[in-house]
Amino acid sequence: EADLALRLQSLTNNLNSSGLDSNQWQVSEAWPPTRSHSDPCHASGTCVDVSLKGDNSLENIKKVYTAANNSGLTAQYEVANKERETQLRNQGITNALYVSGITGEHFSIYKAGYKKI
């Protein structure tokens with residue numbers, strides 16, 4: 001989806017400006033999807049998954065949220081267990097969401113306004 005691609009370029013620039021360069025994060029799922037997803041956005045090319053490489057600190061999670069918001073995107077942080085969701089929400093990460101069956105913590109990135117929660 002062309003507009004999403006432009007916003008993702010903006011996300012890259014904003015992440016670099018925040019101190020998170022491309023060695024610290026990656027698009028881990030895009031289009032076409034490599035596995036089945038509960039949300040059809042991967043099949044339509046209207047969302048991507050972004051993973052932090054090794055440092056899922058509260059500071060880095062907040063940097064991705066801010067960069068996404070500044071790029072006209074919505075970031076949702078998906079985690080593999082309810083305890084981690086509760087921990088992050090208690091630390092102010094209100095878009096943390098437990099998703100059964102995921103293989104690792106990651107952001108689902110959508111155009112602004114979309115919210116799975």
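This briefing describes the fold, the sheet, two helices and the nonpolar core of a predicted model. Residues are numbered from 1 along each chain as its sequence is written, and side-chain values use heavy atoms, with hydrogens and water left out. Because the model is predicted, local features need pLDDT of at least 70 and side-chain atom pairs count only at pLDDT 80 or more, while totals for chains, interfaces and linings use all residues.

The chain has four helices and five strands, where helices (H or I, at least four residues) and strands (E, at least two) are DSSP runs numbered from the N terminus. The elements run α-β-α-β-α-β-α-β-β from the N terminus on.

**Overall figures**

- Of the 117 residues in the chain, 38% are buried; buried means under 20% relative accessible area, exposed over 50%, and partly exposed in between, with a 1.4 Å probe and protein chains only.
- Contact means heavy atoms within 4.5 Å. Among contacts between residues at least 6 apart in sequence, 62% join residues at least 24 apart.

**Sheet**

- Five strands make an open sheet with mixed pairing, in the order β1-β2-β5-β3-β4; two strands pair if DSSP finds at least two bridges between them.
- The edge strands, each pairing on one side only, are β1 and β4 (96-98).
- From one strand to the next the twist averages 35°; axes are lines fitted to C-alpha atoms, for helices over the stretch in contact, and angles run from 0 to 180 degrees between N-to-C directions.
- Helix α3 packs on the sheet and touches β2, β3, β4 and β5, with its direction at about 150° to that of β3.
- Helix α4 (residues 82-90) also packs on the sheet, where it touches β3 and β4, and its direction makes about 165° with that of β4.
- β3 and β4 pair in the parallel sense over three bridges, and Tyr77 stands opposite Ala96 in β4.

**Strand β2**

- All six of the six residues of β2 are buried, so the strand is largely enclosed by the rest of the structure.
- In a regular strand the side chains alternate between the two faces of the sheet. In β2 both faces are covered, with Cys47, Asp49 and Ser51 buried on one side and Val48, Val50 and Leu52 buried on the other.
- β2 pairs with β1 in the antiparallel sense over four bridges, and Val50 is the bridge partner of Val27.
- β2 also pairs with β5 in the antiparallel sense over four bridges; here the bridge partner of Val50 is Phe107.

**Helix α1**

- The 17 residues of α1 reach 25 Å from first C-alpha to last, close to the 24 Å expected at 1.5 Å a residue; the expected span is 1.5 Å times one less than the number of residues.
- The buried residues of α1 are Leu4, Leu8, Leu11 and Leu15. They lie on the same side of α1 because they cover an arc of only 50° around the axis, the arc being that of the directions from the helix axis to the C-beta atoms.
- An α-helix has 3.6 residues a turn, so residues three or four places apart point the same way.
- The face turned away from the buried side of α1 carries the exposed residues Ala2, Leu6 and Ser17.
- The cover over the buried residues of α1 includes β1 (25-29), β2, α3, β3 and β5.
- Gly19, just after α1, takes a positive phi of about 100°.

**Helix α3**

- The 13 residues of α3 should span 18 Å at 1.5 Å a residue, and its end C-alpha atoms are 18 Å apart, which agrees.
- Asn60, Ile61, Lys63, Val64, Tyr65, Ala67 and Ala68 are buried in α3, and the buried residues of α3 pack against α1, β2, β3, α4, β4 and β5.
- Lys62 lies in α3 and is partly exposed, with a relative accessible area of 39%.
- Leaving aside neighbours within four places in sequence, Lys62 is in contact with Gln91 and Ile93. Lys62 and Ile93 are 31 residues apart in sequence and 7.7 Å apart in space, C-alpha to C-alpha.
- Gly72, just after α3, takes a positive phi of about 75°.

**Nonpolar core**

- The largest nonpolar core has 23 residues, and Ile61, Phe107 and Ile109 have the most contacts inside it; such a core is a set of buried Ala, Val, Leu, Ile, Met, Phe, Trp, Tyr and Cys residues joined through side-chain atoms within 4.5 Å.
- Two or more residues of this core come from each of α1 (2-18), β2 (47-52), α3 (58-70), β3 (73-79) and β5 (106-111). The largest share, five residues, comes from α3.
- Leaving aside neighbours within four places in sequence, Phe107 is in contact with Val48, Asp49, Val50, Leu52, Ile61, Val64, Tyr65, Ala75, Gln76 and Tyr77.
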